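Grab a pencil and open the viewer. Below are some short exercises, each with a worked solution to check yourself against.

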Amino acid sequence: MTTLWDTTGSAVVKELAAQRRTGGAVLSGVALTLVVVADESRVAEAEEAATHAAEMHPCRVLVVVRRQIDAPVPRLDAEVVIGGRLGPGEAVVMRMYGRLALHAESVVLPLLAADAPVVAWWHAPAPEQLATDALSVVADRRITDSSLAEDPLAALRTRGQDYVPGDTDLAWTRGTAWRATLTSTLDAVAGRRGEPVRVRSGQLTGDPRNPTAQLLAGWLAARRAVARWGSAGPR
């Protein structure tokens with residue numbers, strides 16, 4: 001690992017290339033570039049998740065930490081890691097201060113792996129206008145987590161209003177196991193009786209501010225309105 005204090009984006013690019021030449025190619029190719037945006041308080045969580053992703057799918061990990069946006073002087077500190085704590089591939093952790101933190105794309109763009117899709121993940125409150133955010137524009141996939149917002153339900157509504165194909169909010173994916181369990185339970189009942197099952201009512205108990213609970217309730221209401229369950233599942 002090499003740490004560059006008060007550096008520039010160009011210096012980070014050069015250091016990454018130098019380490020690649022010195023240590024040899026760690027990866028013959030990458031499946032994607034994973035850009036992680038995190039607050040300083042959540043960097044450890046973000047790095048752990050990014051490391052797991054890098055182990056599963058060869059990727060270049062770029063961690064953007066907007067540390068002190070109100071700092072009077074823009075500054076960039078960067079850690080360049082190849083085959084280290086952030087997985088077997090290439091990784092750069094960038095802590096940005098001042099106005100630079102508002103223009104992270106100026107540092108990130110030259111570090112994107114060539115000819116590889118870009119996944120941007122906000123392990124922090126997402127931008128209010130995701131569709132026009134500079135990091136969002138360069139990404140092929142955008143992952144947000146409305147539960148991290150100060151008002152999770154308002155953030156979830158915003159994600160619904162500016163949704164475009166390629167957007168994913170983790171509040172929805174957290175309900176995957178629940179949806180699968182509910183569907184398989186109704187399938188099992190339908191299979192025993194040999195006839196479709198109609199869901200007439202139900203009750204979901206959870207934190208009313210939890211976006212996953214609200215999405216699950218909405219999914220149940222939508223499926224009850226248009227579907228009935230038979231031995232082949234919902235239709």
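Let's warm up with one residue. Thr 51 is buried, because its relative accessible area is 12% and the cut-off for buried is under 20%. Keep in mind that this is a predicted model.

**Exercise 1. Find where Thr 51 sits and which residues it touches, leaving aside its neighbours within four places in sequence.**

Solution.
- Step 1: Look for the element. Thr 51 has its place in helix α2.
- Step 2: Now list the partners. With neighbours within four places in sequence set aside, Thr 51 is in contact with Arg 85, Leu 86 and Gly 87.
- Step 3: Zoom out to the helix. Helix α2 covers residues 43–56 and lies across β2, β3 (59–68), β5 (90–97) and β6. Its direction makes an angle of about 170° with β2.

**Exercise 2. Take stock of the protein chain: how many helices and strands are there, and what share of the residues counts as buried?**

Solution.
- Step 1: Count the elements. The protein chain has 8 helices and 10 strands.
- Step 2: Check burial. The protein chain has 235 residues, and 43% of them count as buried.
- Step 3: Turn to the outside. About 12,900 Å² of the protein chain is exposed, with 54% of that supplied by carbon and sulfur atoms.
- Step 4: See how the chain meets itself. Take the contacts with a separation of 6 or more: 71% of them are between residues 24 or more positions apart.

**Exercise 3. Work out the strand order of the open sheet and name its edge strands.**

Solution.
- Step 1: Trace across the sheet. Its 8 strands come in the order β1-β4-β5-β3-β2-β6-β7-β8, and the pairing is mixed.
- Step 2: Look at the ends. β1 (2–4) and β8 (167–169) are the edge strands, as each pairs on one side only.
- Step 3: Add the twist. From one strand to the next, it averages 15°.
- Step 4: Try a parallel pair. Strand β2 (residues 32–38) and strand β6 (residues 118–123) run parallel, with 6 bridges between them. Within this pair, Val 36 has Trp 121 in β6 as its bridge partner.

**Exercise 4. Is strand β4 largely enclosed or open, and why?**

Solution.
- Step 1: Count the buried residues. In strand β4 (residues 75–82), 7 of the 8 residues are buried, so the strand is largely enclosed by the rest of the structure.
- Step 2: Check one neighbour. β1 and β4 run antiparallel and are joined by 3 bridges.
- Step 3: Check the other pairing. β4 also pairs with β5 in the antiparallel sense, over 8 bridges. Here Ile 82 has Glu 90 in β5 as its bridge partner.

**Exercise 5. Place Thr 3 in the chain and describe its surroundings.**

Solution.
- Step 1: Find the element. Thr 3 belongs to strand β1.
- Step 2: Classify it. Thr 3 counts as partly exposed because its relative accessibility is 31%, and that class lies between 20% and 50%.
- Step 3: Look across to β4. Glu 79 stands opposite Thr 3. Apart from neighbours within four places in sequence, the contacts of Thr 3 are Ala 78 and Glu 79.
- Step 4: Compare sequence with space. Thr 3 and Asp 77 are 74 residues apart in sequence, yet their C-alpha atoms are 7.5 Å apart.

**Exercise 6. Explore the salt bridges: how many are there, and which residues form the network?**

Solution.
- Step 1: Start with the count. There are 11 salt bridges.
- Step 2: Take the pair Asp 77 and Arg 75, whose side chains meet at 2.6 Å, N to O. Asp 77 counts as buried because its relative accessibility is 6%, whereas Arg 75, at 32%, counts as partly exposed.
- Step 3: Try Asp 167 and Arg 142, with their closest N and O atoms 2.5 Å apart. This pair links distant parts of the chain: Asp 167 is in strand β8 and Arg 142 in strand β7 (residues 141–144), 25 residues apart. Both Asp 167 and Arg 142 are buried.
- Step 4: Finish with the network. Salt bridges link Glu 40, Glu 47, Arg 67, Glu 79, Arg 85 and Arg 95.

How values were computed: Residues numbered from 1 in each chain as written. Predicted model: local features only at pLDDT ≥ 70, side-chain atom pairs only at ≥ 80, totals over all residues. Heavy atoms only, no water. Helix = DSSP H or I, 4+ residues; strand = E, 2+ residues; numbered from the N terminus. Buried < 20%, exposed > 50% of the residue type's maximum accessible area, 1.4 Å probe, protein only. Contact = heavy atoms within 4.5 Å. Areas by Shrake-Rupley, 256 points an atom, 1.4 Å probe, with all protein chains shown as cover. Pairing = 2+ DSSP bridges. Axes fitted to C-alpha atoms, helices over the stretch in contact; angles between N-to-C directions. Salt bridge = Lys/Arg side-chain N within 4 Å of Asp/Glu carboxyl O.
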